[in-house]
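Biologist: I'm opening this one for the first time. Please walk me through it slowly.

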Amino acid sequence: MRIPGYWRNTQFFYRLAGWKCVHCGAFHHYKPVVCKRCGSREFAQAELPSSGKLITYTIVRSPPRGFELFAPYAIGLIELEDGTRILSQLTDFKENELKDEIKVEAVFRRVRINGDQGIIEYGYKFRPALRRS
Amino acid sequence: MVKLGGVAVHGYGGYIPRYRIKAEEIGRVWGQDKSGSPVVEKAVAGIDEDAATMAVEAARMALRRAMIDPKKISAIYVGSESKPYAVKPTGTIVAEAIGASPTKLAADLEFACKAGSEAIAIIAGLIRSGQIEYGLAIGADTAQGRPGDALEYTAASGAAAFILGRLDDRAIAEIEAWSAYATDTPDFWRRPSDKYPMHAARFTGEPAYFRHILGAVQSLLEDDGYALNEIDYFVFHQPNVKFPLVVAKYLKVDQEKLSPGLIANLVGNTYSACSLLGLVNVLDQAQPGQRILLASYGSGAGSDAFLIRILDGIFERRDLAPRLAELIEDKIYIDYSMYLKFREEIIMR
Ligand SMILES: [Zn+2]
């Protein structure tokens, strides 16, 4: 079962919340023992910005197991407002909207459905911002 | 009628998914001419959306407007008849997603289309008793209509969320009074193993919708209640366009007081979110001092009626999140085969 791994990461999956190194600013999904960038041991809770711009994307038409129902779907590289780059599924777009560094915003969606009996895994995806201009 | 005084709306949010299907397109498949249908199109949840995800989106907008620390929200009631889990509360998912976790109370409510307004009544009581400081009441549904059934043309998806707390000078609106009316009336139901609801066709009108809505509303207007000219907007549950119009006519309410809260023609019947989204649309445009009468209806059957007075806080809060009209206008049309995929009607092997 993947439940403990999913549950430990819900803060990040649900609202991009994690831990920022007090010394160098590196963002970690979970609270590490030492900063992976500078070795510091001091961290503060932080949330990444929920909007940014789309840098590039690819459409997945032959999905891995468990994602068949969602195909075709898009994976985008997004630059958040603070400069952090993040990979995310894109949702609720018309394909002709995915261009010109379109403004995107995080939404809360179903990411994986484990059959009829397993848990529903939720998490962030990005969609074209409602206020795009 | 119960004077509630002291309970206020601090944040509100309405969410409508981006996808729409026209009644005409559904009619094309079933050989029905729906070109003149009053419900022109309905909102359809995307393939990765459910009542929990839409509840979160509406709650996030409510939180942006409330400008409070989400950790102060200690009760989250989600009313829905399409909750993603039969057992496991939706409210705890919402709490984690908006940063309110750990919260205290988070049960799911079901009362057909009035579960969301009943959540407001419960939260208001918890606030008045001093048990909680802030509470979040949500109505969210991905409503299902059996393929080919009359409900398929209107059963839609959406969510509305309200953060309530004690009345202070920052509040958006005060909930002044509440009344409710419920009886055992089998007009619409769904057994546990069935995916689609059953309904008693014409029986849903007179003894069900009209009797209960009027039962709740008249108690607000009578016994030491309010006069029609003290109320600026009327929002009724809108399973279609006709029913709220008939109630308004019976009560002698002008069309101008009804239309700002009537959106079923553009989004369909969003069940637990239905009358609440009408309220959101009114909050998006009302002025301080104005009064709104909200009356929900849930089959089975019952109605909650509230009187809500807009306060000065509306000015600085309203634009902290998108208005409902923006979500109504931002749409992607889908055809019936895409609709079947989104509703998970295509069997994957
Ligand atoms: Zn560091």
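Modeller: Let's start with the labels. Helices (H or I, at least four residues) and strands (E, at least two) are DSSP runs, numbered from the N terminus.

Biologist: Good. Anything else before we dive in?

Modeller: Two things. Residues are numbered from 1 along each chain as its sequence is written, while chains are lettered from A and ligands numbered from 1 in the order in which they are written. This is a predicted model, where local features need pLDDT of at least 70, side-chain atom pairs count only at pLDDT 80 or more, and totals for chains, interfaces and linings use all residues; side-chain values use heavy atoms, with hydrogens and water left out.

Biologist: Okay, chain A then. Where does A:Leu16 sit?

Modeller: A:Leu16 is in the loop between helix H2 (10-15) and E1 of chain A.

Biologist: And what's odd about its phi?

Modeller: The phi of A:Leu16 is positive, about 55 degrees, although this residue is not a glycine. Most residues other than glycine have a negative phi.

Biologist: Is A:Leu16 buried or exposed?

Modeller: Buried, because its relative accessible area is 2%. The cut-offs: under 20% relative accessible area is buried, over 50% is exposed, and in between is partly exposed (1.4 Å probe, protein chains only).

Biologist: You mentioned E1. What sheet order does chain A show for its three strands?

Modeller: E2-E1-E3, an open sheet with antiparallel pairing. Two strands count as paired if DSSP finds at least two bridges between them. Strand E2 (27-28) and strand E3 (43-47) of chain A are the edges, each pairing on one side only.

Biologist: How many bridges join E1 to E3 there?

Modeller: Five, between strand E1 (residues 17-21) of chain A and E3(A), and the two run antiparallel. For one example, A:Gly18 has A:Ala46 in E3(A) as its bridge partner.

Biologist: What about chain B? Which strands make up its nine-strand sheet?

Modeller: The order is E5-E4-E6-E7-E1-E8-E13-E12-E11 in chain B, again an open sheet, with mixed pairing. Its edge strands are E5 and strand E11 (233-236) of chain B, and each pairs on one side only. At the E5 end, strand E4 (residues 73-79) of chain B and E5(B) pair in the parallel sense over two bridges. B:Gly79 stands opposite B:Leu109 in E5(B).

Biologist: Switching topic: how many aromatic pairs does the search find?

Modeller: The search of the whole structure gives 17 over all chains. Rings of Phe, Tyr and Trp (its six-membered ring) pair if their centres lie within 6.5 Å; planes under 30 degrees apart are stacked, over 60 edge-to-face, and the rest tilted.

Biologist: Show me a couple.

Modeller: In chain A, A:Tyr6 and A:Phe13 are stacked, 6.3 Å centre to centre with 25 degrees between the planes. A:Tyr6 is buried at 9% relative accessible area, whereas A:Phe13 is partly exposed at 29%. Ring pairs link A:Tyr6, A:Phe13, A:Tyr14, A:Phe108 and A:Tyr122 into a cluster. In chain B, B:Tyr336 and B:Tyr339 form a tilted pair, with 5.5 Å between centres and 40 degrees between planes.

Biologist: Why are B:Tyr336 and B:Tyr339 about one helical turn apart?

Modeller: Because they are three residues apart in helix H12 (residues 336-342) of chain B. Both B:Tyr336 and B:Tyr339 are buried.

Biologist: Which charged residues lie over the faces of B:Tyr153 and B:Tyr12?

Modeller: B:Lys34 lies over B:Tyr153, 4.3 Å from the ring centre, and B:Arg65 over B:Tyr12 at 4.2 Å. To count, NZ of Lys or CZ of Arg must be within 6 Å of the ring centre and within 35 degrees of the ring normal.

Biologist: Back to backbone oddities. What stands out in chain B?

Modeller: B:Glu344 has a positive phi of about 60 degrees without being a glycine. B:Glu344 is in the segment after H12 of chain B and is partly exposed, at 36% relative accessibility.

Biologist: Which peptide bonds are cis, for instance around B:Pro102 and B:Ala301?

Modeller: The bond joining B:Ser101 and B:Pro102 is cis, with omega about 0 degrees. B:Pro102 lies in the loop between helix H3 (90-98) and strand E5 (108-109) of chain B. Another cis bond runs from B:Gly300 to B:Ala301, with omega near 5 degrees, and B:Ala301 belongs to strand E13 (residues 300-310) of chain B. Most peptide bonds are trans.
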